[in-house]
Amino acid sequence: MRVSVWRGAESGHFQTFSVPRLESQTILDVVTHIQRALDPTLAYRYACRVGMCGSCAMTVNGQARWTCRTHVDKVAQDGRLEIAPLSNLPVVRDLVTDMTEFFDKWARARGRFVGAATRKDDFARVSPSSPERRLADAGIECIGCGVCYSSCDVVSWKPDYLGPAALNRAWTLVNDVRDTDNRARLAAVAGDAGCHACHTHMSCTERCPKQISPTASIAGLKRAAMDAALKGEFE
Ligand code: SF4
Ligand code: SF4
Ligand code: FES
């Protein structure tokens, strides 16, 4: 199999390797073979290899994907692969991107739980069937892989945009009945760089490997932010 791999940082070039084709081979297996057998200087990132840590995302034949759960069979075109770093993020080296701004945006969207209970309080009981819990559950399995962020055209056009992952995180917290920070959170996501900048292109939802719909979460935030504005909560 001929595999082209990005080498360098923002400016760089594709380098082609010849990699043996194996049964049930994943894209991460291919990259690992190159690094272990052909060129130990290749930089890439992974941790769990089972779709949990979110660290292995790359651009494969033009599309952002989690590489540990993507089989070569599914994506190789005419036996060829092109593997590049994620888009919309600065490249550190080869296949490694700098995720700082991605996670800084989670902080800007107030994507951190703020509770009021103390360790002396009893456990909060939230019914699994309550509407709020169901809405939170729909987005809670995000692994922070950046696939949606890398696939979003609005992030490309407007680098300040908080992006689908941070906004999805904010929406799960808006629906967490134990959280006490919603007024500030909705104000944080209602600005120019927040939920209203989303053009509902759906690329994030189409590409999310965890079948989350950031588009639906962002639509929920738009409604909640509008509701808060009409109630004068942002004054
Ligand atoms: S929403 Fe999906 S694509 Fe986006 S970071 Fe979370 S798991 Fe990855
Ligand atoms: S739906 Fe919104 S957040 Fe998702 S890719 Fe489109 S513009 Fe980006
Ligand atoms: S290596 Fe952890 S999600 Fe792929």
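This passage describes the fold, helices, aromatic pairs and ligand surroundings of a predicted model.

The protein contains ten helices and seven strands. Its C-alpha trace spans about 60 × 40 × 30 Å along the principal axes. Of the 235 residues in the protein, 46% are buried. Among the contacts with a separation of 6 or more, 63% are between residues 24 or more positions apart.

At the start of the numbered elements, strand E1 (residues 2-8) and strand E2 (residues 12-18) run antiparallel and are joined by seven bridges. The link from E1 to E2 is a hairpin of three residues. Within this pairing, Arg2 stands opposite Ser18 of E2. The loop between E2 and H1 includes Ser24. Ser24 is not a glycine, yet its phi is positive, near 55°. Ser24 is exposed, with a relative accessibility of 52%.

A positive phi was also computed for Asn88, at about 65°, and this residue is likewise not a glycine. For comparison, most residues other than glycine have a negative phi. Asn88 belongs to the loop between strand E5 (80-84) and strand E6 (91-93). At 21% relative accessibility, Asn88 is partly exposed, since the buried class is limited to values under 20%.

Helix H1 covers residues 27-38 and includes Val31. Val31 has a relative accessible area of 1% and is therefore buried. Leaving aside residues up to four places away in sequence, Val31 touches Leu42, Tyr44, Met58, Ile83 and Leu95. One of these contacts, Tyr44, is itself buried, at 15% relative accessibility.

A second set of buried residues is found in helix H8 (residues 182-189), where Asn182, Arg185, Leu186 and Val189 are buried. Viewed down the axis of H8, these buried residues fall within an arc of 95°, so they line one face of the helix. In general, an α-helix has 3.6 residues a turn, so residues three or four places apart point the same way. The cover over the buried residues of H8 includes helix H7 (164-174) and helix H10 (214-230). Val189 of H8 is buried, as is Val31 of H1. The C-alpha atoms of Val31 and Val189 are 37 Å apart in space, and the two residues are 158 residues apart in sequence.

Aromatic side chains were examined next. The count of aromatic pairs comes to six. Tyr44 and Tyr46 form a stacked pair, with 5.5 Å centre to centre and 20° between the planes. The two members of this pair fall into separate accessibility classes: Tyr44 is buried at 15%, whereas Tyr46 is partly exposed at 27%. In another pair, the rings of Phe103 and Trp106 have centres 5.7 Å apart and planes at 50°, so this pair is tilted. Both residues lie in helix H3 (residues 100-108), three residues apart, which is about one turn of the helix. Trp106 is buried, with a relative accessible area of 17%, whereas Phe103 is partly exposed at 40%. Ring pairs also extend beyond these two residues, linking Phe102, Phe103, Trp106 and Tyr149 into a cluster.

The surroundings of two ligands were also described. Around ligand 1 are Cys142, Ile143, Gly144, Cys145, Gly146, Val147, Cys148, Ala165, Cys208, Pro209, Lys210 and Pro214. By class, this shell has nine nonpolar, two polar and one charged residues. The two polar residues are Gly144 and Gly146, and the charged one is Lys210.

Ligand 2 is surrounded by 13 residues, the closest of which are Cys152, Cys198, His201, Met202 and Cys204. Helix H9 (203-207) and H10 are the elements that give two or more residues to this shell. H10 is also among the helices that cover the buried residues of H8. The shell around ligand 2 divides into eight nonpolar and five polar residues, with no charged residues.

Conventions:
Residues numbered from 1 in each chain as written. Chains lettered and ligands numbered in written order. Predicted model: local features only at pLDDT ≥ 70, side-chain atom pairs only at ≥ 80, totals over all residues. Heavy atoms only, no water. Buried < 20%, exposed > 50% of the residue type's maximum accessible area, 1.4 Å probe, protein only. Helix = DSSP H or I, 4+ residues; strand = E, 2+ residues; numbered from the N terminus. Arc of directions from axis to C-beta. Contact = heavy atoms within 4.5 Å. Near = heavy atom within 4 Å. Phe/Tyr/Trp six-rings, centres within 6.5 Å; stacked < 30°, edge-to-face > 60°. Pairing = 2+ DSSP bridges.
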